[in-house]
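Thanks for making the time this morning. I would like to walk through one chain, going from its overall make-up to its aromatic rings.

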Amino acid sequence: MKNLSLLVVAVLAVGPSGRPAVAQSRPISDNSFLIEEAYNQEPGVVQHISAWRRELRTAAWTFTFTQEWPVGTQTHQLSYTIPVQRTESPSTTGLGDAALNYRYQVRRADARVAIAPRLSMLVPTGNSARGLGSGHVGAQLNVPVSVILVPSLVSHWNAGMTVVPHTTTYNLGASVIWLARPTFNVMVEATWLAQGGMHDFVVNPGIRWAHNFTSGLQIVPGLAFPDGKSVFLYLSFEHRFEPAERP
C-alpha cells in the first residue's frame with residue numbers, strides 16, 4: 001500500500017503543462033510523463049490530459065485526467081487532476097484524492113530558461129478506509145524549471161513536496177528530451193520520492209508524437225516503461241476555446 005501511495009503522489013506531482021503554437025505544424029513542447037514542464041497554457045487554449053500507469057507484476061494501476069485553463073494571460077493557470085486507481089492488497093478500485101492546481105509563470109515560457117512554480121490543494125475525494133486516498137486535505141508545492149540546452153535538446157528539472165497530516169513526501173526529478181523531429185520526441189526521465197524511511201527512484205524511457213489538424217487541434221499520444229516494471233500510456237488533446245486574435 002505504501003508503494004501505491006508513492007505512485008499516486010508521483011502522478012499528481014506531474015501537473016502537466018501546455019505551450020502550443022497556433023500553426024498547424026506546431027511541434028510538441030508540453031507533454032512529459034513523470035516530470036512537470038515549466039510552460040503555462042497560452043491564452044485561449046485548453047488542454048485535456050489522460051495518463052494511465054499499470055504495474056506489470058501486480059494488478060495495481062492509476063489513471064488520471066487533468067484539464068488546464070489559462071487565466072487571462074499565460075502568467076496564470078488553473079487546472080484540476082482527478083485520479084482513479086486500483087490497489088493491490090486488498091484489491092479495490094475507485095476514485096482517489098483530487099488536486100486543484102494554480103501555477104504562476106515566473107519566467108516566460110518562450111525563454112531559454114522557464115520557471116513556473118505550482119501550488120496544489122489535495123481534496124480527500126477518495127475513500128481512505130478502502131485505501132483510496134489519505135482522508136485528509138493536503139497541499140503540494142512543485143517548482144519546475146525548463147532549459148533549452150540546444151535547439152534539439154531540452155531538459156526539465158523538478159523539486160517539491162507534498163504534505164498531508166502525519167505524512168510529508170519530497171520529490172526530485174529531471175528529464176532530457178531529444179527533439180528528433182518537431183512531431184516525434186525521445187525522452188528519458190528520472191524521479192526520486194522520499195516518504196518517511198521509504199525511497200523510490202524511477203528511470204522512465206519513452207516516446208511521444210503529435211498529430212496536428214487544420215482546425216488547430218493537436219493530439220499527442222505517448223508511451224513509456226518506468227523501470228521496465230510498468231507501462232505508462234499518455235494522451236493529450238489541445239485546442240482553442242476562443243477565436244485566435246488576428247494580427
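Among contacts in the chain between residues at least 6 apart in sequence, what percentage join residues at least 24 apart? For this model, which is a predicted one, the value comes to 50% of those contacts. As for what the chain is built from, its secondary structure consists of one helix and 15 strands. Of its 247 residues, 47% count as buried, and the accessible surface amounts to about 11,400 Å², with 65% of that area belonging to carbon and sulfur atoms.

Let me turn now to the aromatic side chains. A pair of aromatic rings is described by the distance of the centres and the angle of the planes. Searching the whole structure gives four aromatic pairs, and one of them is formed by F65 and Y80, whose ring centres lie 6.4 Å apart and whose planes stand at 55 degrees, so this pair is classed as tilted. The angle falls short of edge-to-face because that class requires planes over 60 degrees apart. In terms of the chain, this pair links distant parts, since F65 sits in strand β2, residues 61-71, while Y80 sits in strand β3, residues 73-86, and the two residues are 15 apart.

How accessible are these two residues, then? F65 has a relative accessible area of 25% and is therefore partly exposed, and Y80, with a relative accessible area of 27%, is likewise partly exposed.

Finally, please also look at F33, F232 and Y234, which form one aromatic cluster.

Key: Residues are numbered from 1 along each chain as its sequence is written. This is a predicted model: local features need pLDDT of at least 70, side-chain atom pairs count only at pLDDT 80 or more; totals for chains, interfaces and linings use all residues. Side-chain values use heavy atoms; hydrogens and water are left out. Rings of Phe, Tyr and Trp (its six-membered ring) pair if their centres lie within 6.5 Å; planes under 30 degrees apart count as stacked, over 60 as edge-to-face and the rest as tilted. Helices (H or I, at least four residues) and strands (E, at least two) are DSSP runs, numbered from the N terminus. Buried means under 20% relative accessible area, exposed over 50%, partly exposed in between (1.4 Å probe, protein chains only). Contact means heavy atoms within 4.5 Å. Accessible areas come from the Shrake-Rupley method with a 1.4 Å probe; for residues, only the protein chains shown count as cover.
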